[in-house]
Every structure is written in C-alpha cells, then in structure tokens.
Amino acid sequence: MRAAELLRRGRAALLPSPDADWDARALLADAMGAERTALARRLADEVPAAQAEAFFAAVRRRAAGEPLQYVLGRAWFMGLPFVVDGRALIPRQDTELLCEAALEQGRRLGARTALDLCTGTGAVAVALARLGGLAVTATDISAGALALARENARQNEVSLALYEGDLFDALPAGLRFPLITCNPPYLTAQEMENLQPEVRREPALALFGGADGLDFYRRLAGEAPARLVPGGALLMEIGSAQGEAVCALFSGWNPKILRDLNGLDRVVLAQRNPTMEGEEAAWSI
C-alpha cells in the first residue's frame with residue numbers, strides 16, 4: 001500500500017480530532033523511519049507490510065486516547081530528545097520557562113550544582129546539566145520515573161545523581177544546593193475531576209496537589225530552607241491561578257511570579273536571604 005493511502009486511512013480513523021492530520025503524519029513518518037518533514041516527498045512510496053501494520057497499530061492506540069508522545073515513545077524539551085511513557089508526565093513546553101529561568105539564575109549565582117525535585121522523565125535535570133553544565137541531583141518518589149530519567153540522562157550524554165523518595169526525604173543528610181527546581185503536582189481536586197481524557201493517561205501521582213493544589217508548595221516552604229544555601233534560588237512551576245497563593249507561602253523570600261508567553265502565571269522564583277545570621281552563601285558546593 002502506498003504511503004498516501006495509509007495516511008488517508010489513518011487520518012480518517014483519527015477524526016473528528018482536530019489533530020487528526022498532524023497525528024497521522026507523525027505516526028506514519030515514525031512507522032516508515034522517516035522525518036516528518038520528509039513525509040510529503042515519500043507519499044508515493046510503497047510501504048512494506050510490517051511498517052503498514054505498525055502504523056495501524058499506532059493509530060489504534062492514538063484513537064483510543066493515548067497521548068501522541070506515548071505512542072511515539074519520545075518528546076522534545078529545550079531542544080533535547082526524551083524517552084517518554086506512562087511512568088512519568090510528558091515534558092511540556094510550559095515547563096521550558098522554569099528551565100530557562102533556572103539556567104539564568106544558575107549563571108547569576110555562579111552555581112555549580114542544582115537539585116531537581118519531582119524530576120519525572122528528568123527533562124529539567126537533564127537540560128540543566130546539558131545546557132548549563134551543572135552537576136545535577138534529582139529525586140522522584142516513583143522508581144519508574146527515575147528509570148526514565150536515567151535513560152534520558154544516558155541518551156543526552158549527561159550524568160545525574162538520582163535518588164528515590166519523597167521530595168527532600170530522598171536526599172542524604174547535609175546536602176545543600178544554590179539552585180533548586182521543582183515542577184510538583186499542583187492540580188486541585190476539582191481539576192482532577194475535569195481532566196481531559198488524554199491527561200488521564202498520565203500518572204495521577206504526578207498531577208494531584210491536594211484539595212487546593214498547594215500541598216507540595218506548603219512542604220517546600222517548610223523543608224527547602226534546610227536544603228538551600230543562603231542566597232540560593234528556588235524555582236517552582238505553578239498552576240495559572242496559583243501565583244498569589246504560592247507567593248504568600250514564601251513571603252519572606254522576595255518571591256517573583258514569572259509569566260509564560262500567554263501572559264499566565266507559570267513559575268514562582270523565591271530566594272533565601274543571603275545574609276541570614278550565622279550563615280554564609282556557599283556556591284562551591
């Protein structure tokens with residue numbers, strides 16, 4: 001069967017999704033081992049039966065509501081490739097603001113190390129190591145997510161120190177950092193009830209942030225001081241309606257809200273007072 005006919009059938013099977021054409025092209029290019037941008041030049045090609053069957057199997061998964069990135073097994077973040085599957089959230093473009101701000105803060109502080117909490121696929125941790133040259137420690141409560149992070153570090157040729165456990169509890173005693181990033185679960189109970197079908201395929205453990213979505217920020221406010229050197233920066237992704245509430249939890253940290261390209265609250269940057277009595281900034285750790 002020619003590629004053009006496969007594409008037509010795949011698109012029809014994915015309707016009425018508004019992304020039917022885009023998804024069908026991505027899945028067909030993947031099955032044929034081609035770049036999506038080159039697919040138009042290969043529509044007259046005869047596709048081997050094994051590749052055609054792989055395409056139809058992928059279309060069936062996508063039509064059943066599985067996210068495209070899970071079907072393809074990959075996603076891109078900060079221009080870097082990542083292996084993805086149902087063990088962790090799919091890296092999203094919204095989170096690139098968190099990473100970009102962390103890279104900027106790392107340069108400003110002269111930081112050599114960083115900690116990424118709730119690392120998931122390791123997208124932020126890998127990007128900080130690859131693009132910022134930082135020695136990154138990362139934690140996650142999910143062993144499956146950490147396995148993905150380990151694979152993504154290998155694929156992107158960086159080394160991460162990975163620890164399994166609940167936020168800071170996963171870390172050895174005494175470790176402190178000049179830079180901490182976290183994209184915690186922050187959806188409210190109501191938001192969890194109204195999730196889009198595709199998002200329901202992603203792990204709820206990485207989505208639900210308590211009744212009001214703020215459980216993890218409360219924990220960060222209480223636990224981060226012991227792990228962040230004075231003057232250090234804590235950057236957290238937030239829900240678009242959570243800016244003021246999260247800033248209130250860090251009222252003594254000079255918090256700032258960073259907005260995404262749509263003008264929505266997306267990241268809170270909080271910095272410890274660098275002149276706390278009895279303590280000195282230690283960027284060399």
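Modeller: A residue is called buried when its relative accessible area is under 20%, exposed when that value is over 50%, and partly exposed in between. The model we are discussing is a predicted one, and its protein chain has an average pLDDT of 93, with 96% of the residues scoring at least 70.

Colleague: Which part of the chain should not be read in detail, and what is its pLDDT?

Modeller: Over residues 276–285 the pLDDT falls below 50, although in the model this stretch has 20 contacts beyond its near neighbours in sequence. Where pLDDT is low, predicted coordinates should not be read in detail.

Colleague: What makes you say that helix 6 is mostly covered?

Modeller: The helix spans residues 123–132, and seven of its ten residues are buried, that is, each of these seven has a relative accessible area under 20%. The seven are Ala123, Val124, Ala125, Val126, Ala127, Leu128 and Ala129. After the helix comes Gly133, which has a positive phi, near 65°.

Colleague: Which residues have the most contacts inside the largest nonpolar core?

Modeller: That core has 34 residues, and those with the most contacts inside it are Phe77, Leu128, Val136, Leu160 and Leu235. Helix 6 is one of the elements that supply at least two residues each, and others include strand 4 (135–140), strand 5 (160–164) and strand 7 (228–237). Apart from this core lies another, of 30 residues, including Phe216, Tyr217, Trp253 and Ala270.

Colleague: Leaving aside its neighbours within four places in sequence, which residues is Leu160 in contact with?

Modeller: With those neighbours set aside, Leu160 is in contact with Ala125, Val126, Ala129, Val136, Ala149 and Ala153. Of these partners, Ala125, Val126 and Ala129 are among the buried residues of helix 6.

Colleague: What makes Arg11 and Asp21 a salt bridge?

Modeller: The cut-off is a side-chain nitrogen of Lys or Arg within 4 Å of a carboxyl oxygen of Asp or Glu, and in this pair the distance from N to O is 2.8 Å, so the pair qualifies. The pair links distant parts of the chain, with Arg11 in helix 1 (residues 3–14) and Asp21 in helix 2 (residues 20–32), ten residues apart.

Colleague: Why is Arg11 called partly exposed?

Modeller: The relative accessibility of Arg11 is 26%, and because this value is neither under 20% nor over 50%, Arg11 counts as partly exposed. The partner, Asp21, has 31% and is therefore partly exposed by that rule.

Colleague: How many salt bridges are counted by this rule?

Modeller: The count comes to 22. Among them is the pair of Arg42 and Asp45, whose closest N and O atoms are 2.9 Å apart; Arg42 has a relative accessibility of 28% and Asp45 a relative accessible area of 27%, so both are partly exposed. Asp212 and Arg218 form a salt bridge as well, with the closest N and O atoms 2.4 Å apart. Salt bridges that share partners also join Glu5, Arg8 and Arg9 into one network.

Colleague: Why is Cys99 too far from the closest cysteine sulfur for a bond?

Modeller: A disulfide requires two cysteine sulfur atoms within 2.5 Å, whereas the sulfur of Cys99 is 14 Å from the closest cysteine sulfur, that of Cys182, and therefore too far for a bond. The sulfur of Cys247 is likewise too far, its closest cysteine sulfur, again in Cys182, being 15 Å away. A search of the whole structure finds zero disulfides. Cys99, at 0% relative accessible area, is buried, and Cys247, at 13%, is buried as well because its value is under 20%.

Colleague: How do you know that strand 8 and strand 9 pair, and how many bridges join them?

Modeller: Pairing asks for at least two bridges between the strands, and four join strand 8 (residues 256–259) to strand 9, so the strands are paired, running antiparallel. Leu258 stands opposite Val267 of strand 9. The two strands form a hairpin with five residues between them, and in the turn Gly263 has a positive phi of about 80°.

Colleague: Where is the place of Arg259?

Modeller: Arg259 belongs to strand 8. Apart from neighbours within four places in sequence, Arg259 is in contact with Leu97, Leu264, Asp265 and Arg266. Between Arg259 and Gly243, 16 residues apart in sequence, the distance from C-alpha to C-alpha is 9.5 Å.

Definitions and conventions. Residues numbered from 1 in each chain as written. Heavy atoms only, no water. Buried < 20%, exposed > 50% of the residue type's maximum accessible area, 1.4 Å probe, protein only. pLDDT = per-residue confidence, 0-100. Contact = heavy atoms within 4.5 Å. Core = buried A, V, L, I, M, F, W, Y, C linked by side-chain atoms within 4.5 Å.
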